[in-house]
Structure formats: structure tokens, C-alpha cells
Amino acid sequence: MAETVAPATSAQKTRKELDRAVIRFAGDSGDGMQLTGEQFTTESAWAGNDIATLPNFPAEIRAPAGTLFGVSSFQLQFGSQRVYTPGDRLDCLVAMNPAALKVHLRDLKPGGLLIVNTASFDERNLTKAGYPSNPLDDPTLAERYRLHKVDMTGLTQQAIQDLPLNAKEKDRTKNFFALGLVSWIYTRPLEPTLEWIHKRFAKNTVYAEANTRVLKAGHAFGETAEIFAEHYAVEAAEMAPGVYRAMTGNRALAWGLLAAAQRSHVPIVYGAYPITPASSILEELALHKRFRIRTIQAEDEIAAVTAAIGASFGGAIGVTGSSGPGIALKGEAIGLAVTAELPLVIFNIQRGGPSTGLPTKTEQGDLMQALYGRNSESPVVVIAPASPGDCFYIAYEAVRIAAKYMVPVMVLSDGYLANGSEPWLIPDPETLPSIDIQFRTETEGFFPYLRDPATLARPWARPGTPGLEHRIGGLEKQDVTGNISYEAENHDHMVRMRAEKVRRVAQEIPPTTINGPATGDLLVVGWGGTYGAITAAVEQAQLSGKSVASIHLRHLNPLPPDLGHILREYRKVLVPEINSGQLVRVLRAEYLVDAVGFNRVRGLPLASDEIHEAINQLLGSQS
Amino acid sequence: MSAAGAGAAAAPTPPYTKKDFESDQDVRWCPGCGDYAILSAVQKFMPDLGIPRENIVFISGIGCSSRFPYYMNTYGFHTIHGRAPALATGLKVARPDLKVFVVTGDGDGLSIGGNHMLHVLRRNVDVTILLFNNRIYGLTKGQYSPTSELGKITKSTPMGSADRPVNPLSFALGCGATFVARTVDRNIPHMEQMLRRAAAHKGTAFLEILQNCNVYNDLAWKALYDKESKLQYELRLEPGKPLLFGPPADRKALIMEGVTPKVVAAKDVPESALWIHDEQNLNAAKLIADLFAPDFPIPIGVLSDVADPVYEDIILDQEQRAIADRGPGDIAKLLTSGDTWKIG
């Protein structure tokens, strides 16, 4: 954290300029930490900072209060320069109860700001958190960190004691005290939160009044209390000019589909079964029926994908979304779409596994499943977004490729991208490539498996088209005629044909962007949600004079045509992944390069520091 | 001309003949299979629908019955085991204008696909389901099915099956089906009549077709095949008519004793006490669905036919209302809606 002293502007307190800060709000899952974090994010966006967020919450909806596993947290990094990740170590931790302190303290930097709600440090909560004595009484805590003990509960009650709310209702607003306080510490504008309160509680003026007062009380407390000797400002970041909005990955996937529906003039049918962390895509799409998006909450994962396939057969774009366990169930049906050669888009919002695993935590463990997780030779196109905002373009691209090549396209997002948000430069939809869907109507010379010479796509002949009545199915068929065929050479031909069709999608892939020198000592290769952490680590290494570059793959099957050449331009190749080494195996197998993996599978995003360390290790030097 | 279908020839227009619905594929069921009679009856009644051929789709799962779409010169999709109702649901949501038939069997529809059958029925998707019930797995060569009788000796149950069978009609009614009927593969006129009724229903129509597998479960429905026992047990359900069955010399009536159906001699029942069949009475249909020989007659015909909202109509109506209220979606507007900020 680079610090320069700037003249104080408010009260008599010193204001320091920071170029970035990492903050985490942590409390019980009922303490409203997600909302607090989201509001703080919006305030920071107003302040013009670049931002990356990391919501982290338990799988249980209302985990027992006060317990370690019931802790919910929201982390964000904001800065005056490009911010690639939610940050590794914390500059500031807000702990609303002992359990939150216990779970999160280890991530706070020495000398970091630690703000605790003292009222919750009672015997009951201390016991639940497994503290034999009150850690706030231990002098080493205040020696190691800048500890601020604040009775947020008491101060909240005081601020609204005259309002006609019961004690429990009053207590529920204390997260806004924390928000007000931290907003003051980091000089965030309160306007967006005041506006939010106004809208949210438009019909309940007492709640509106309570939250407004408590927010301002927290802010005023920072300004007047003697304990805070200084506060901070983070200047607006230098970002590309344009209009921005906050964007989460799942919303971006949904909106990418809306854009595709509008541009293709074809309805989209989205079949899904509720599953964490994919459900919010279904919920978002259900709000936008005006775009001719039809959502089916199916009876199970298999019905969700088969309904999507049925829709595609009918001439709509069939899309299904799930997470790893659901994708496993969909496997057979995805194979049907492969052999029926129908467009199908499959979103996989990856989470920790195997089995139910870590439903609310992130992972990149499903790459092999996407590539190979079906019976027999069953290739599909696989693409992956690099950031929350990139999900918009990836969803759009998935529809475009699926329709153009009559092929299933799997999109590998993850829990981190799904819930994380970033300031997103709003694109002009007109600049998106066109999705030109041509349904076959010409009867002369029609066969169901005739092929387009460029894409190898078969014609899309919708029911309702006179003279094109035909039958397709899961049995192997003769090329061109589509007749059922058990003939040996034909099967071999069709296996190759389906693979070649997927391979041809490579002609859609733009040249790979190399972040760094075109040749050098080390190339770091990533995919999916690790983009930010890898880029930050590589830029750090470059600043220290290392000959390091990075590339980030958005296309995983087929791989970019220039990849083999690029890999050979570096002495070493490092592949960081949140799995035990999946892309690295693919690269070794495809290109015979001695790529090495950097793998951590903790349900958390990779930290840029640890990737930086891995870069240094591989280059045989210390930073 | 291809099997899967090709259109070099000029497409015929209505009125059609049976021949217009025959594909050029060799039918590959075992000689003597009950499916032949069903295929013929379906092809024969198709022209009566008065629907352009290109608007008709047959969807199937896996099993002997599921080869059906290949033999129909309409649009068709032979999908995966048990999933035809789900696939048809997606198709109807995309294309409510199509006439969609689902062809399935007792294993496909009630075992591996039992869940989808439940949900297509409760949603009341506008599809016509033909469930061929032969009480055996034919394509996999003779294992017992979910409709096989308890104790059935098959290759996979040499000492008899331990599973109690499911009754397709009771199942369908329990799922909230809006049309439930049964017919027999060896009663062609009745089958044609039932096909017409099922196809005319708006909403999910569930037609159980008792079908013979002469290779693995011959005379599966002996009670209705044998002339003598058919006379004894067949109960023809007809709206507004009393539930009477049996030979003229020994005519029997079905009556209600409390809440339990009971068989009595017809001559002993005053006309006012007869049970008159009412297709709108779902409670009565549920009682009738459970009846079977030898203690009771075997009902064939339409058990119930009621009108209820159709799934895809509701979805399309919501879409139309959303567009009418706020105009068609505009992605450029949506992207810049809500909280945005300008830089530079």
C-alpha cells in the first residue's frame, strides 16, 4: 500500500491518499454483510475507483448465529489504478462478532485496521467462536493491529431510540453503522446508499428513517470520535472513458443472452433447475420476458437440458445453466445434442466438488468434465469468461457459435465470477457481431445432414416448414442423408466429422493477446476467473524486471490456432489453476510443452501474491 | 428420398391419405408385434386431424415403441431414455403452434422417465402422449418392467419380481392429468376412436395402449384378447352411459357401495342406482382407474377429459403481456438502466 500524506480536508483529521485498499466486512450470516459490502462497492464506484469484489457466504441460508461456519463476508479492493482482484491481504477488517474475528483475522495485514463490534463479544458468542477468553482483552491484538473497539450495537440503539421499532428491528440496522463508519474512514460518498435506503424502504418510512440515521451516526462517529486519528482517500482511477455500471458475472451471462435474442430475432428458451451458484441466471432471465426469453424451471437437471434441446429442434436457441453436479446429470442429453447437431448453450457455474462439495465456493475443477465428461467421442465447444463483465460477451459468443456451427457450446464460469462484480464499460450493442440465423426452407436437394462447406454445419430445418419433414435422433446416422446407419466406416467418418466441426470453430478465434514480451523466460497461461490474479502477479513480476508474459484463454476447445507457436517462444510455461492441474495436462498433451502447474483448491480465488511467488520460484530467484 | 426425410418431391397438402404419413423406412419391429397395429391406426387417423403434415411432430424416448417416429412421415425426434416429455415441453414452449405427439412405453415413460411423466402431466403441456404398455422390457430382451405383475418371472427375476406394479391410469390421474384414456392394440376401431379423442384434447392427453409383446411377454393382456374373457371383462366407458359389462345373459353393473365400487347383477339394480359415466368427474375416474380383472372389469375408453389452463399458453401470455405493457426488450436501454456513471 503506497501512502502519501495529503492536506487534511475535513475536521482536523489527517487524510492520507492511498492508491488502493482491501476491505472485508465479516459477521453472522444474518448481519447483512453482503448488503453492506454491495453498498460500499456502489459508493466506491461513485468515487470513480476501479473495483473487484468477493462475496463469501455459507451454504446454509440461516446458519446458527455466532458459529464459525455461519460467518458471512464481503471483500473488495478498490483503487486509483487498475484493480485486477479483490485483493490478497486485508488493509481493513470489520468483524461484527467473535466468530468473524476468529475466521478472518489471519488475513489482516500487520498494522491493518481492525474494527470490532464490542457488544457482540459476550460470553455466549465467545464460547460459540471457541474463544476461552475475550480476545479483545489480549494486549497483543492492539499491538499487532490498529484495533478499534466500537459498541456498534449500543450506538445504533441510541441513534434510533425514539423510533417505534422493537429492539430486534433496531439491532438489524447496525450493519449500516459499520457502513457509515467505514465510508467515513475511506471518504466514500453516502449519497448512493441514502438513495438506496430511500427506494428500498419507500413504503416503510420508519425503516427508512432508522437506516438513514444509523448510517449517518456511523459516519459522524468516525468524524468526531477521538479514536480515529486519520482517514483515507483513494483517488478516481484512470479508466477508459465511457459509461460504466457494476456488473456481476451471472447477470452478465443473462444479459448476454438477452442481447443474443434481440440480435438473432430468435426466441431463447432457458431450461434450468435451481442450483447454487447458477440460480440467479434463471431469476434474472425471468425478469426480461420482453426479450422473448422463455424460462422453464424444470423438474430436474436432465429435463432442463432436454427442454432446451427440444426448443432448439423447434428453431429457438436452447440454453441450460447449472453447476458441476447438474452438468454431470446433463451429460447424456448433451451427447444427444452433439449427435443431433443442434445448437445448445450450456452454462456451468463451477463450484467446489466432488459431489455436493462446496456449493457457495469457487473452483475450476470442471474443465475435464467439459472437455470429456460424456460417453464416447462427444466433443463440444468450450469457452470461458475472464471477468464478471466478460460473461456478457461470452454468453453472446456462445449463442453465435452454437447457431452458426449447429453444435453445443459449454461456458465455464465459476462462483467467483458469478457473484463478483466489477465496474463495466457499457458496450454499444451495435458493435457486437451479428447473429445471422438462416433456417432452411428450400426443399430442393434437402437432406438433414447436408453440410455447409465452411462450417460443416447441417441445415436447421424447423418443424412447420413444408416439404422438409425429417427424423433425427440419438442413433448413429449416415452422413448427409441422416438415415440410421450401423455401418462401421460411416461411424468412423461421423466421429471424425463431429470432431472436425468443433475444430473448425478455431476460425472464429481472434489472435491471442499477449500481456508482456512476445518472447522470454516465462509465459503464464490462465483461463477463467483467475485472470485478475494472474495479470496482477505478472505485472508485478514485470515491474521487477522479469521477462514474463501472460495469456488468458477464453477458448478452451478448440484452442486458439496460434497457441502452439506462442508457447514455444518462452523458456518456461506456468499454468495457475484452481484445480489439481487440468489445463496444464491439456497443454502438455496437445503441444508437448513442459508446462508446470500452480494449483490451489481451497474454494477461494488464487491470490496474486502466491502466483507472483510461483513465478519467482520457477525463474529461480527471489523477488 | 431419404429415410430421415428429404424433400425433393413436392410436399402434399391436405386432404391427406394414410400413405402420406408413411415414411420410406423399413419397419423393424418383430413380426407379430402389437406396435404394427398401433402404427397403422395412427397413420390412418392422421388425415382426420386436418393439420398440415409439416406441423406435426413425433417425439420419443428409447425402447421398442420409441422407434415410432422413424416410421411417420412427419417431423420426428428419437431422443434419450425417458426424456421425451421434457424435450416435448421445451419444443412446445418454443413452438406452441405445433401438434406434438409423445410416443413412449411402460419402461421409458414410467420407470426411467417417471419423473418427467409426472411433470408434463401436472403442467398440462399441450401434447398427446401414447404410452404403449406391454408390461416388459422388449428392446433389452425381456426384463420385467414397472407395470409387470408382482412375482413376474423374467430373465432378471428368475424367482419372480419383488416390485409391485404401477397402474398408468391411476398414476396419470394422480399427477393431475386433464385427459386419461385406455385402449387395446387388438381393438382397431376403438383405438382409432381413442386416438381421435386424445389428439383433440387441449392440454396433456394420456392414452395408455395395452400392447402385446409376442416375443417376451406374449398375451400380456390375455383377458382382453381371448374372445370369451373379453366378453366377460371388457368395460366400455362411454359418457352418459351406465357402467355395464359382461355377456347379455349375465350382464353386470358396477355400483358404489359407500365409497367402494362393487360388481352386482345388472338386473338387480334399479335404473336410478346405476353408475353413469361422467368424464368430468375426476373422483370417479380415480376409482375406475384402479379396477382390473379378475375381481373387477377392465375399463377401456376415456376415463376423464377436463379443461384446464395449458402451460405454454400461460408462458406465452406472460410474454405478450410484458411486451404489451412495456414494449419489446431493448438491450441498449437495459444496459444503461439503473445505476451508471460516466468517466472521462
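Select A:G473 first: this residue stands opposite B:H78, which belongs to β2(B). You are looking at a predicted model.

**Where the two chains pair**

Widen the selection to β18(A) and to strand β2 of chain B, residues 75-78. These two strands pair in the parallel sense, over three bridges.

**The sheet**

Now show the whole sheet around that pair. It is open and has nine strands, with mixed pairing. Walk along it in this order: β18(A)-β2(B)-β1(B)-β3(B)-β4(B)-β8(B)-β7(B)-β13(B)-β9(B).

Which strands stand at the edges? They are β18 of chain A, residues 471-473, and β9 of chain B, residues 234-237. Each has a single partner strand, so one side of each is left without a neighbour in the sheet. Turn the view to follow the twist: neighbouring strands are turned by 20° against each other on average, direction ignored.

**A pair inside chain B, and a helix on it**

Select residues 179-184 of chain B, strand β7, with residues 298-305 of chain B, strand β13. The two run antiparallel and are joined by four bridges. Pick B:A181; its bridge partner in β13(B) is B:V302.

Add helix α9 of chain B, residues 282-289. This helix packs on the sheet and touches β7 and β13 of chain B. The direction of α9 makes about 155° with that of β13(B).

**The contact between chains**

Step back and colour by chain. Here 69 residues of chain A are in contact with 59 residues of chain B. On the chain A side, several elements each supply at least two residues, among them α1 (33-46), β10 (242-248), α10 (249-264), α13 (324-340) and β18. Which element gives the most? Select α12(A), residues 301-313: it gives nine residues to the side that touches chain B. By type, that side of chain A divides into 35 nonpolar, 22 polar and twelve charged residues.

**The domains of chain A**

Hide chain B. The domain assignment of chain A gives domain 1 (3-234), domain 2 (241-508) and domain 3 (520-618).

Keep domains 2 and 3 in view. Their C-alpha centres lie 27 Å apart. In this pair, 26 residues of domain 2 of chain A are in contact with 21 residues of domain 3 of chain A. On the domain 2 side, select α14 (367-372), β15 (381-383), β16 (408-414), α16 (415-419) and α17 (488-504) of chain A, the elements that give two or more residues. The residues of that side divide into 17 nonpolar, five polar and four charged.

Conventions: Residues are numbered from 1 along each chain as its sequence is written. Chains are lettered from A and ligands numbered from 1 in the order in which they are written. This is a predicted model: local features need pLDDT of at least 70, side-chain atom pairs count only at pLDDT 80 or more; totals for chains, interfaces and linings use all residues. Two strands pair if DSSP finds at least two bridges between them. Axes are lines fitted to C-alpha atoms, for helices over the stretch in contact, and angles run from 0 to 180 degrees between N-to-C directions. Two residues are in contact if their C-beta atoms, placed from the backbone, lie within 7 Å. Ala, Val, Leu, Ile, Met, Phe, Trp, Tyr, Cys and Pro count as nonpolar, Asp, Glu, Lys and Arg as charged, and the others, Gly among them, as polar. Domain bounds come from an automatic or database domain assignment.
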